[in-house]
Amino acid sequence: MQSQQGNKFTIPIGPQHPALKEPEHFEFNVDGELVTGASVRLGYVHRGIEKGTENRSFVQSMYLLERVCGICSHVHATAFCLGVERLAEIEAPPRAQAIRVLVAELERIHSHMLWLGVGAHEAGFDTLFMYSWRDRETVLNLLEDITGNRINYSTNVLGGVKCDIDREQAAAIRQGLDFLEERTTHYLDVVTSDMMFLRRTRGVGVMTYDESQRLGAVGPTARASGVARDLRVDAAYAAYDKYPVNLVTETAGDLEARFVVRIKELFESFRVIRAVLDDLPEGDLTTRMPRRVKEGDTISRVEAPRGELFYYIKSNGTDTAERVKVRTPTLPNMASVLTLAVGHQLADMPMILVGIDPCFSCNDRMVSVKGTLDSQCWTWEQLRQYGIEYYR
Amino acid sequence: MNTLRAVIALLFFPGGLFILFAGMAYEWVDRKLIARFQNRIGPRWFQPLADSIKLLAKEEVIPTDVNAILFVVLPVIALAGALASALYVPIIGLEPSYSFSGDLIVTLYLLSLLTLCTGLAGANTLDRFSLVGATRALTQMFSYEAPVLLALLGPAIVAESWKISVISEYAKSHWLIITQPIGFLVAVIGLMGKLEMPPFDAPEAETEIVAGALTEYSGRGLALFHLGKSVELMVGLTLVTAFYLGGVANPLLFFAKTLMLLVVVAGVQSLLTRLRIEQTVGLWWRYGALLALAQFLVMIAYEGVA
Amino acid sequence: MKLTTMWKDALGSLIKPAATQRYPFVRREAPEHLRGQLHWDPSACTGCGLCSKDCPADALEVIVLDKKAKRFVMHYHVDRCTFCAQCVASCRQGCLDMESDEWELAALDPRTFDIYYGNEADIASILDGSTEEEAEPAAAG
């Protein structure tokens, strides 16, 4: 019963824990079942992706960056492509942009349904988990048929997309969407009216509008607190200006509101996908993309299923990026978990944690090395020496 | 002759081996039903057996800083308690092997031994998940134990005996589910609480505290606890069926009745969300205990009049 | 407020076939556009090497034996391949094709992951070359 801080009893969640599908370390100080303090340690899945882009060409980097996140892979590639295309002063053809939107919305469906299942599982409602994941297979099969892969679709190429939508595929998508729409209506009914489930979600983890502004929450987490912010609406990219999205917000800010926001966003996605299929521009899938990208830097922002995804890309005129900076939506949302945790039951912790739809591997962008040097800036030689000392 | 009968009853039928295998069969039915409710295929028929053999064959890791004797003995006591309780209940509708006046109370105590051992096992280790799990397990035990006792005493009052065989004989001619529906409900839900089935699985909620009190258990100890739980599922179902669903009967009919009960239990497991521990306690003391008590008082009043 | 909202799903599932499958015994048919193992058609290849240059996973090697006589061998590492189809997009001659139903590529023997495409005699010469490389460095070049 050794506790680290005085007389506090600390429950560690992670780095290895059944509630977390990825390694990350949370410490909850508890008084009986009541949580009195929370802290997080990030960085277990730092993969050096930003550094990795420095010795890959733009083409290769796109596939590396696609693997920042396993669930929202397409949106990462889109963000990078849009940024690089802007630097190279070209624009993907309208049909390619429309297909990017289509795949992004299918991906959002897959991500939100996955989250619905995970959220239900954390609450101990495994039947909802199984059914939502079963129905998620529908959208995965559609993606597999369109792109050839189930998770890392690799739909984008610099300057366009690889996959086209033919008449048969369009019909299959419509059919799948009809089924999903019916099921989603049912799930909305379940999360808003199931008495036992509501006991775990209603009024739990309430984040007010002011708090969400102060903590810098993004995406559906913020929208559940009434923050009307969605990049697809505010700064329409790709073809979102042609296929406008209606903003979905809720005001309650509790876990139920987060379930409702995400499920209602599914209906929005169904509508946008149908709009894309109804009005798919004819034309080429790609434009010619120069290998060397003009010198300059740009910021590319897109709305990932989890919130705002931010890319900074700097080119030095060669075929390799000088610097790529990625900020995934989980990082700004993480502060809300630690703040909301205090005062809740230990049993609510996994729910509150999952409520932001965390993706830990995505947010681990940097490791800070605690060494003898005071400086934040280390030379390669110093880092190498540190490594040798560390493993001695 | 008597010794031989005792040995057979203890080791083979209805105690010992038979009850172990029957328990695993019931566990399989439970798992399969939940899987079917969730549109999955579910485990194959030998899965609980395979799990047990695999666990028994594995190394048992004894953590440092625990009382090693207690750590090893607790799962044995838990399983022994569950197995012993099987001797006093009418397994598959047959007369209980042993019977004496007041065996109902003894059986209930033996059935509680599993939870008690789980709690102690959790408290014995230094693991934080185990400690929280142990606290929750014991808290939950204190919440359901009283209402369940009241629910099972109901039939005893009307049968005017503390003997399980007499009560089930009485239940043969009186379907107590009709005269004491609240008792039946409390008994079934109490059984689920005892076995830490969803929605009462807060003591072993994997997304919060990994495996609860049994987090540090592996190999043999874990297998014995699991077997104890399977046996208790079977004994509990038998007891509720014998008391509330028409008492001892033709073995096949009795088996069908327990299966029907298991279908209901599996349905409840798959349709409800896990309760937080304070919600569980609230549910039992606010509704379970009060309702059981109310029915109990009505019954006593009725008996007094008659 | 309802107590059990999903009972219809649960009861319905009892009579419906399960959504899960016993995978190695039951296989779902691969969709038409699935990306499986890469195939190379040497007839139009010019040996430009763009496919291997753009490959993010370093899974392709175009070995040029004789550029004029169009003797190329494609060395494909299936284990490294991420099935992104960038090579298919990069190839201007359309020699590469990924749409196939060969997707069960796991194996215990790592040698099965090394795939050579091309003229059999050329492949044999490369394989011989690589084994004799140490003995006769000159022959390998």
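I take two residues to be in contact if their C-beta atoms, placed from the backbone, lie within 7 Å, and I keep to that cut-off in the entries below. The model I am reading is a predicted one.

**Entry 1, chain B against chain A.** I looked up this interface before the others and found 25 residues of chain B in contact with 25 residues of chain A. On the chain B side, I note that H6, helix H10 (206-209), helix H12 (251-271) and helix H13 (277-305) each supply at least two of the residues that touch chain A. Sorting that side of chain B by residue class, I get eleven nonpolar, six polar and eight charged residues.

**Entry 2, chain C against chain B.** Here I found eleven residues of chain C in contact with nine residues of chain B. The side of chain C that touches chain B divides into six nonpolar, three polar and two charged residues.

**Entry 3, the fold of chain B.** I went through the secondary structure of chain B and found 13 helices and zero strands. The radius of gyration of chain B is 19 Å, close to the 19 Å that the globule rule gives for 306 residues, so I record chain B as being as compact as a globular protein of that length. Its C-alpha trace spans about 60 × 50 × 40 Å along the principal axes. Of the 306 residues in chain B, 54% are buried, and among the contacts in chain B with a separation of 6 or more, residues 24 or more positions apart account for 80%.

**Entry 4, a helix pair in chain B.** I then looked at how helix H6 (residues 128-159) of chain B meets helix H7 (residues 164-173) of chain B, and found that their axes come within 9 Å and cross at roughly 75 degrees. An angle of 65 to 115 degrees counts as roughly perpendicular, and H6(B) and H7(B) are therefore roughly perpendicular to each other. From H6(B) the contact is made by B:Pro155, B:Ala156 and B:Ala159, while H7(B) brings B:Val166, B:Ile167, B:Tyr170 and B:Ala171. By class, the residues of this contact are seven nonpolar, no polar and no charged.

**Entry 5, the fold of chain C.** Chain C has five helices and five strands, and along the sequence I read them in the pattern α-β-α-β-β-α-β-β-α-α. The radius of gyration of chain C is 23 Å, well over the 14 Å that the globule rule gives for 141 residues, so I note chain C as more spread out than a compact globule. The C-alpha trace of chain C spans about 80 × 35 × 25 Å along its principal axes. Of its 141 residues, 24% count as buried, and 67% of the contacts in chain C between residues at least 6 apart in sequence join residues at least 24 apart.

**Entry 6, confidence and one residue in chain A.** The mean pLDDT of chain A is 86, with 95% of its residues reaching 70 or more. Among the elements of chain A, helix H14 (residues 360-363) has the lowest mean pLDDT (80), and helix H11 (residues 255-278) has the highest (92).

Is A:Trp115 buried or exposed? I placed A:Trp115 in helix H4 (residues 94-122) of chain A and found that this residue is buried, with 25 other C-beta atoms within 10 Å, where 20 or more is the cut-off for buried. Not counting residues up to four places away in sequence, A:Trp115 touches A:Arg262 and A:Asp357. I also looked up A:Thr286, which is 171 residues from A:Trp115 along the chain, and the C-alpha atoms of the two are separated by 33 Å.

Technical notes: Residues are numbered from 1 along each chain as its sequence is written. Chains are lettered from A and ligands numbered from 1 in the order in which they are written. This is a predicted model: local features need pLDDT of at least 70, side-chain atom pairs count only at pLDDT 80 or more; totals for chains, interfaces and linings use all residues. The radius of gyration is taken over C-alpha atoms; the globule rule is 2.2 Å times the number of residues to the power 0.38. A residue is buried if 20 or more other C-beta atoms lie within 10 Å of its own, exposed if 12 or fewer, and partly exposed in between; C-beta atoms are placed from the backbone. Axes are lines fitted to C-alpha atoms, for helices over the stretch in contact, and angles run from 0 to 180 degrees between N-to-C directions. Angles under 35 degrees count as roughly parallel, over 145 as roughly antiparallel, 65 to 115 as roughly perpendicular and the rest as oblique. Ala, Val, Leu, Ile, Met, Phe, Trp, Tyr, Cys and Pro count as nonpolar, Asp, Glu, Lys and Arg as charged, and the others, Gly among them, as polar. pLDDT is the predictor's confidence in each residue, from 0 to 100.
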